[in-house]
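Notebook open, coffee on the desk. I wanted a quick look through one model before doing anything else with it.

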Amino acid sequence: MNTAEFLTISAAIVPDRAAVVGPDERVTYAELQSRVNRLAQSMQTLGVQKGENVGVMAVNCPEYVEIYYATAALGATLVPLNFRAKAEELTYMVESTDVTTLFIAERYWPIWESIASSLPQVKNAIPLDFEREGHTFRSLCEGGEDIPVFTEIDEGDSTLIIFTSGTTSLPKGVVLSYQALTALVVNTQSPADPVNDQEVVLLSVPFFHIAGATTMMSTVFSGRRLVILPAFDPKAWLDFVQTEGVTHAFVVPTMLKRIMEVPDFETYDLSTLRLITYGAAPMPYEVVRRAVDVFGPDGKDVGLMNAYGQTEATGSMTFLGPDDHRLDGTPEENEKKLLRLRSVGRTMPDIEVVTMAPDGRILGPNEIGEICIRGDRVMRGYNKRDGDTADAIVDGWLHTGDVGKIDEDGYLFITGRIKDMIIRGGENIGPAEIEQVLEDHPGIEEAAVIGVPDVEWGEVVKAILVPGGGDMRPSEADLTEYVKSRLASYKAPASYQWVDELPKNHLGKILKNDLREMYGEPAN
């Protein structure tokens, strides 16, 4: 199925409903389909053909949606570019994906001018939100006929190339097929419903992230209204929820924390909000516990859901649903739920998720191994990186690089990354469980654990800590004793480093490689 049909179906069923809402624009499904038709026709005139790659360098905006669906209609591939990237990174991303047409927002045009001479394969550089030499994005669209474009595609053809965060090298382009996106959307969403009230989805995650791209596609397929926040701001997020009657939203943990910290948070009307999904980075236990109190039955009565996924798996692989976040049962039931709040939930229905030993053996309940996935949503591979693809996909199983265990009830607990594993005297230590214990301490706000060289043990544990809000900072001896009271003694940190903040990427993931570069010595 061509993902362009997601829009075609909804435009036929609910043509008059608002499809996309930006800060200054509101577009119905019929209008969106018309715009996509015209843009696809104009892009054909520019020479964009099936199999070509089309890039976008912009923050979230309604035009992004039009560009994706027009590109898909042509059988071309969209390459959403990280607008936070520097000139060298952007050059690499555009060059390695052979982008021939590039839509660029005014804010990023100077960067494009600085690298354009090194990218002669880009035949069309189109101004997105401004005029350049008499040309604008809107005039390009209006120049095309309002006639649908149909392109025969194979389900295995690529429709998206999304770059993963690069912390040790340049980012890798994950190639996702029409089949992968269709499997995710069709198997997890219902088609447009013309009878019941329209649901409203607030998007504040960038389109260049898999969560942003899949939220856009799922929302359009189900005929919901997509409310686009160009850049995350907690107050603007709350304003949109209140004014647009938002029912569903996806955030990363850092966003959820900042939303709850807005000074006049309690004054906002969030009565329409039904579900907040969080993911894309580990959720600190303290933050999710607070969210359960703030948004649970005794607070705003909003459902919470944790989604764990990867770009290579086309998004979410497991989910911890609203019922698992509600602490309204017996003390025994609530105690079990509190333990499960540290998990990322159970497997999505359309895929298989297992933990696997290094020899390829699938492990049983509570056995720790690499998290692997199998199903139609597995990526085609890494763009122009056959070796990396062969390492990642073995016998149909995608090896995620994450380490974890699945309990007897099917809940997945992540214990770390393979590359972050600490080997102390032959014992494998996953950083995540130590970080969770440290973050439970009232004197610590955030914790990250790395391995550092040691003459006797090979590697030992080092903790990098952000202090809590209290006046008293716990001593290192007290912290060591505290960890030993909760975990095996060999997992206790041998040294500590106090910092004002931990280095993170744009979605709140802690950059462990940066920590190893900055604090990789064993001394305190």
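Below is what I looked up, entry by entry.

**Ground rules**

I am working with a predicted model, where local features need pLDDT of at least 70, side-chain atom pairs count only at pLDDT 80 or more, and totals for chains, interfaces and linings use all residues. I number residues from 1 along each chain as its sequence is written, and side-chain values use heavy atoms, with hydrogens and water left out.

**Overall shape**

I started with the secondary structure, which comes to 17 helices and 26 strands. Here helices (H or I, at least four residues) and strands (E, at least two) are DSSP runs, numbered from the N terminus.

Next I checked the radius of gyration, taken over C-alpha atoms, against the globule rule of 2.2 Å times the number of residues to the power 0.38. For 524 residues a compact globule would come out near 24 Å, and the protein has 24 Å, so the two agree. The C-alpha trace spans about 70 × 50 × 45 Å along its principal axes.

I then looked at burial, where buried means under 20% relative accessible area, exposed over 50%, and partly exposed in between (1.4 Å probe, protein chains only). Of the 524 residues, 57% count as buried.

**Salt bridges**

How many salt bridges does the structure hold? I got 31, taking a salt bridge as a side-chain nitrogen of Lys or Arg within 4 Å of a carboxyl oxygen of Asp or Glu. Side chains of opposite charge can pair when their charged atoms come close.

I pulled up Glu25 and Arg35, whose side chains meet in a salt bridge at 2.7 Å, N to O. This pair links distant parts of the chain, with Glu25 in strand 2 (residues 25-28) and Arg35 in helix 2 (residues 29-45), 10 residues apart. Glu25 is partly exposed at 23% relative accessible area, and Arg35 is partly exposed at 22%.

I moved on to Glu352 and Arg374, which form a salt bridge at 3.0 Å, N to O. Glu352 sits in strand 16 (residues 352-356) and Arg374 in strand 17 (residues 369-374), so the pair ties together parts that are 22 residues apart in sequence. Glu352 is partly exposed, with 38% relative accessible area, and Arg374 is partly exposed too, with 34%.

My third pick was Asp388 with Arg385, a salt bridge at 3.5 Å, N to O. Asp388 is partly exposed, at 30% relative accessible area. Arg385 counts as buried because its relative accessibility is 19%. On the subject of shared partners, I noted that salt bridges join Glu25, Arg35, Glu63, Glu66 and Arg138 into one network.

**Negative patch**

Which residues form the negative surface patch? I listed Asp298, Asp323, Asp328, Glu332 and Glu333. Patches are made of residues with over 30% relative accessible area and no salt bridge, with like charges joined within 9 Å and nonpolar side chains (Val, Leu, Ile, Met, Phe, Trp, Tyr) within 5 Å. I zoomed in on Glu333, which is found in helix 13 (residues 331-340). Glu333 is partly exposed, with a relative accessible area of 43%.

**Positive phi**

I found phi of Thr314 near 55 degrees, a positive value in a residue other than glycine. Thr314 is in the loop between strand 13 (303-310) and strand 14 (315-320). Is Thr314 buried or exposed? Thr314 is buried, with a relative accessible area of 0%.

Asp395 also turned up, with phi near 55 degrees, again a positive value in a residue other than glycine. I placed Asp395 in the loop between strand 19 (393-394) and strand 20 (397-406). Asp395 counts as exposed, since its relative accessibility is 73%.

**Two spot checks**

Where is His209? I see His209 in the loop between strand 9 (200-203) and helix 8 (210-221), and His209 is buried at 14% relative accessible area. His209 and Asn82 are 127 residues apart in sequence and 8.3 Å apart in space, C-alpha to C-alpha.

Last one: Pro127 lies in strand 6 (residues 124-127). Pro127 counts as buried, at 4% relative accessibility. The C-alpha atoms of Pro127 and Lys50 are separated by 22 Å, with their positions 77 residues apart along the chain.

Key
Accessible areas come from the Shrake-Rupley method with a 1.4 Å probe; for residues, only the protein chains shown count as cover. Lys and Arg count as positive and Asp and Glu as negative; His and the chain ends are not counted. The place of a charge is taken as NZ of Lys, CZ of Arg, CG of Asp or CD of Glu.
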